[in-house]
Structures are given as structure tokens and as C-alpha cells.
Amino acid sequence: MEVSIQAIHFDISDKLVAFVNKKIDKLARRFEFIQDVDANLRLIKPETALNKEAGIKLVVPGGPDMFASKTADTFEEAVDLAILALEPQLERFKDKDRKI
């Protein structure tokens, strides 16, 4: 599995990269069919509350790309919310795949 993390409008810290990788690894252990992950972390300007956005795209073989984007006060919270939004999509794909 290949993971790509892109920071838009800010410099990403090693701690944040480690956090995103940890969350994606946890998701990939649960859903082994994930091939690639693209995570885009964006700082929305001007600075206001809820100005950090995380968009996560998952590539799965034989299925559509899955995407979720969430905005929160911190990047960690936005990543958590995006992953929570992706889990039902992955469950539906896993259930559909088993029936075939």
C-alpha cells in the first residue's frame, strides 16, 4: 500500500505525518484490500474556527475510489472525522465484494 500525504498552505510536522500514517495503517489493517491512500491536509485562509481540512482518497481494486473530506479545528480531528466517514463506504464495498 502506498500512502501519499500532501500539505497545502502550511509546513507539515513530523508528528502530524506520524499521526496520519498511524490512522491510515490502522484502517488498512481492518480493510486489507486498500491499495493506495492520498491524504490532502489544507489550511483554509483566512484563519477562523474550523480552518483545517483533511481530504482522504482511497483506491481499491475493482471498485470506485472512495473519498471523504472533513473540516475541524485541528488536523488530527479532521483526519479522524474523514476516516470515520470512509469506514461505512469500506464496509459496503467489503460486504458487496463478499457476495460476489
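In the predicted model, the side chains of Asn 51 and Lys 52 are joined by a polar contact of 3.0 Å. Asn 51 belongs to the loop that connects β2 and β3. With a relative accessible area of 4%, Asn 51 falls under the 20% limit and is therefore buried. Outside the four nearest places in sequence, Asn 51 touches Arg 42, Leu 43, Ile 44, Thr 71 and Ala 72.

Lys 52 is part of strand β3, which spans residues 52-59. The Lys 52 side chain also reaches the backbone oxygen of Asp 73, at 3.4 Å. Beyond four places in sequence, the contacts of Lys 52 include Arg 42 and Leu 43. Lys 70, Thr 71, Ala 72, Asp 73, Thr 74, Phe 75 and Ala 78 are also in contact with Lys 52.

Strand β3 is one of four strands in an open sheet. The order is β1-β2-β3-β4, and the pairing is mixed. The edge positions are taken by β1 (2-8) and β4 (66-72). Each of these two has a single partner strand, so one side of each lacks a neighbour in the sheet. From one strand to the next, the twist averages 10°. Helix α1 (residues 14-30) lies across β1, β2 (36-43) and β3. The helix runs at about 140° to β1.

On one side, β3 pairs with β2 in the antiparallel sense, over eight bridges. Strand β3 also pairs with β4, again antiparallel, over seven bridges. Within the latter pairing, Ala 54 has Lys 70 of β4 as its bridge partner. A hairpin is formed by β3 and β4, with six residues between the strands. In its turn, Gly 62 has a positive phi of about 75°. Strand β3 is mostly covered, with six of its eight residues buried.

Leu 58 is a residue of this strand. Its relative accessible area is 0%, so Leu 58 counts as buried. Val 37 stands opposite Leu 58 in the pairing with β3. Val 37 is also among the residues that Leu 58 touches, when those up to four places away in sequence are set aside. The others are Leu 27, Ile 34, Asp 36, Asp 65, Met 66, Leu 86 and Leu 90. Leu 43 lies 15 residues from Leu 58 in sequence. In space, the C-alpha atoms of Leu 58 and Leu 43 are 21 Å apart.

Strand β4 contains Ser 69. The relative accessibility of Ser 69 is 30%, a value between the 20% and 50% limits, so the residue is classed as partly exposed. The side chain of Ser 69 makes a polar contact of 2.8 Å with the side chain of Glu 53. With residues up to four places away left out, Ser 69 touches Glu 53, Ala 54 and Gly 55. Ser 69 and Ala 85 are 16 residues apart along the chain, and 8.3 Å separates their C-alpha atoms.

Aromatic pairing was examined over the whole structure, and three pairs were found. In one of them, the ring centres of Phe 31 and Phe 33 lie 6.1 Å apart and the planes meet at 65°. This angle is over 60 degrees, so the Phe 31 and Phe 33 pair is edge-to-face. Phe 33 also pairs with Phe 93, at 5.0 Å centre to centre. The planes of Phe 33 and Phe 93 are 55° apart, and this pair is tilted. The Phe 33 and Phe 93 pair links distant parts of the chain, 60 residues apart. Phe 33 lies in the loop between α1 and β2, whereas Phe 93 belongs to helix α2 (residues 75-99). Together, Phe 31, Phe 33 and Phe 93 form one aromatic cluster. Phe 31 is buried, with a relative accessible area of 1%. Phe 93 is buried as well, at 8%.

How values were computed. Residues are numbered from 1 along each chain as its sequence is written. This is a predicted model: local features need pLDDT of at least 70, side-chain atom pairs count only at pLDDT 80 or more; totals for chains, interfaces and linings use all residues. Side-chain values use heavy atoms; hydrogens and water are left out. A polar contact is a pair of N or O atoms within 3.5 Å; within protein, one must be able to donate a hydrogen and the other to accept it, and residues adjacent in sequence count only if both atoms are side-chain atoms. Contact means heavy atoms within 4.5 Å. Two strands pair if DSSP finds at least two bridges between them. Axes are lines fitted to C-alpha atoms, for helices over the stretch in contact, and angles run from 0 to 180 degrees between N-to-C directions. Buried means under 20% relative accessible area, exposed over 50%, partly exposed in between (1.4 Å probe, protein chains only). Rings of Phe, Tyr and Trp (its six-membered ring) pair if their centres lie within 6.5 Å; planes under 30 degrees apart count as stacked, over 60 as edge-to-face and the rest as tilted.
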